[in-house]
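Q: Please take one part of this model, look at it closely, and then set it in the context of the rest of the chain. I would like a connected account that I can follow residue by residue.

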Amino acid sequence: MEMGTVREFIREEVGDWDDEEVATARFKAFSGQRSDWEPKYRFWKDLILSVARHLRLLIIRPLEVKNNWFNRGGLTPLCLDQVLLEMYSEGEIVRVGDLLDPKTSGTLSLLLSKVRRNLILIRPASPSLPALLQDHLVLTTLLKERAVEVVKHLGESHWTGSCIVTMGRFQDICGGPGEASAVLSHLSETGKARYLSVRRKEFIEGVKVSLSSVPVSNVSNLDYDVLHLVSTSERLQQQLKVIDRRQGTRALASLSSGNKKMALRYARELKLVTGSRDKCTMFLNRVEEVLSLIANAESTKKVSEAIQIGAQAIKENKISVEEVEFCLQELEESIESQKQVEKALESTPLQIDVEDEDIEEELKNLELEVESENLQAQISKTRIDSVAVQAEASESAEALSDALTNLKLSGNSTRKSAVKNPVLA
């Protein structure tokens, strides 16, 4: 692990890491009540998890974290010891020795382990600080993430509800023996995996993992046979790789050698190696065929059980044969329609090459259309307003004309009355 890479990642993760004033405040020891140092504790906890996730680490050493990860010119965080103690009390980290040993875990051992873990969470008994700093600590958050990744990886190469792999392959997937032990401990505690071993000509260790949401089933005699076959298959594959490497080496040696006797000997050895490779290939094919038959038998068993459950449900609900046939016919029609849709989607090109210039031109056309529509709307509104103004003006003119007419009529009537009655005038 290069410390330069870790420090570069920390600088990218924490923008003000090189700020002396901020760094001095962060590196101080906790003081006061929890509410005073809670933000600082959250900062260091999240940073430890981020760095470990970046380095693909499940197990950390406190001294390495303190003296190497967060060392700034010889200065180390004074609060880091308290951070680790607090993480231990919250269950964010556990000691390797506190993990469940999957090799000795039966049903009773698993139950006792869960009870002990619950008691630790209720009444955490923090170990002494020197003991904690010297121990190897497992980050539980990253452990759960790694366990999910392992199950997903195994599910990509197995189509059954569970699978059996050798311990060597399980360690390769997890990232090492220590990581594999921690992941297996977590999966065993959650009921997703079981450790198994068998001794034939040699001692073979393996893991049975559930790839579905249901817990893994108990280990059976068939599982031990499957483990033996899987181990045999892996050994044959390794032997084929060794033979292929040897073939290439001897072929180059025979070409570079000018001695005919040596060339003939290399040719004979190459023939023997080729025969040995053919035998290994034949044995490997037979082993893989047996494993495939076992997997098919398990699937057939599950289908048979499902059919029996369906038949029992039909009897209990008193469903007629005609109704069952009708449901099956509808199911076939829906499957057929789904296949037609998939074919149509496959025949239709999903990706269309579009140039940026075409998109910009299309956007300009849309903008012109929107502007023209807005202009037309403004013109029509102006016309409507002008018509309304003209109507109001005409109405006002008519009202004024009527008023003048009434005024003239009233004036004429007054004159007529005055002529008729000169005395009153």
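A: Accessible areas, as the term is used here, come from the Shrake-Rupley method with a 1.4 Å probe. By that method the protein chain exposes about 29,000 Å², of which carbon and sulfur atoms supply 55%. The model is a predicted one. The chain has 425 residues, and 26% of them count as buried. Its secondary structure amounts to 14 helices and six strands. Among contacts with a separation of 6 or more, 69% are made by residues 24 or more positions apart.

The part chosen for the close look is the sheet of β1, β2 and β3, together with the helix that packs on it. The three strands form an open sheet in the order β1-β3-β2, with antiparallel pairing. Strands β1 (59-60) and β2 (93-95) are at the edges and have a single partner strand each, so one side of each has no neighbour in the sheet. Between β2 and β3 (residues 137-139), which run antiparallel, there are three bridges. One residue pair can be named: R95 has L137 of β3 as its bridge partner. Helix α5 (residues 80-89) packs on this sheet, where it touches β2 and β3, and its direction makes about 90° with that of β2.

Helix α5 itself deserves attention. Seven of its ten residues are buried, and the helix is therefore mostly covered, the cut-off for a buried residue being a relative accessible area under 20%. The buried residues are L80, D81, V83, L84, E86, M87 and Y88, a list that includes the acidic side chains of D81 and E86. What they pack against is both helical and extended: α3, α4 (62-69) and α7 (129-134) on the one hand, and strands β2 and β3 on the other. After α5 comes G91, which has a positive phi near 85°.

A second positive phi is found on the approach to the sheet. R56 lies in the loop between α3 and β1, and its phi is about 60° although it is not a glycine. With a relative accessible area of 46%, R56 is partly exposed.

Helix α3, one of the elements against which α5 packs, also leads back to an earlier part of the chain. In α2 (residues 20-27) the buried residues are A23, R26 and F27. These three cover an arc of only 90° around the axis, and this places them on the same side of α2. Helix α3 (34-54) is included in what covers them. At the start of α2, the backbone nitrogen of E21 has a side-chain oxygen of D19 within 3.2 Å.

For context, the remaining strands can be described in turn. Strand β6 (residues 203-210) is joined by bridges to β5 and to β4. With β5 (residues 193-199) there are seven bridges, and the two strands run antiparallel; R194 has K208 of β6 as its bridge partner. A hairpin of three residues makes the connection from β5 to β6. With β4 (residues 162-166) there are five bridges, again in an antiparallel arrangement, and C163 stands opposite V209 in β6. Six of the eight residues of β6 are buried, so this strand is largely enclosed by the rest of the structure. Strand β4 is likewise largely enclosed, because four of its five residues are buried.

T166 belongs to β4 and is buried, at a relative accessible area of 5%. Its side chain forms a polar contact of 2.8 Å with the side chain of E234. Beyond its neighbours within four places in sequence, T166 is in contact with E205, G206, L227, V230, S231 and E234. Another threonine, T232, has its place in helix α11 (residues 221-256). T232 counts as buried at 18% relative accessibility, and its side chain reaches the backbone oxygen of H228 at 2.8 Å.

To return to the part chosen: the antiparallel sheet is open, in the order β1-β3-β2, and α5 packs on it through contacts with β2 and β3.

How values were computed
Residues numbered from 1 in each chain as written. Predicted model: local features only at pLDDT ≥ 70, side-chain atom pairs only at ≥ 80, totals over all residues. Heavy atoms only, no water. Pairing = 2+ DSSP bridges. Contact = heavy atoms within 4.5 Å. Axes fitted to C-alpha atoms, helices over the stretch in contact; angles between N-to-C directions. Buried < 20%, exposed > 50% of the residue type's maximum accessible area, 1.4 Å probe, protein only. Arc of directions from axis to C-beta. Polar contact = N/O pair within 3.5 Å; in protein donor to acceptor, adjacent residues only side chain to side chain.
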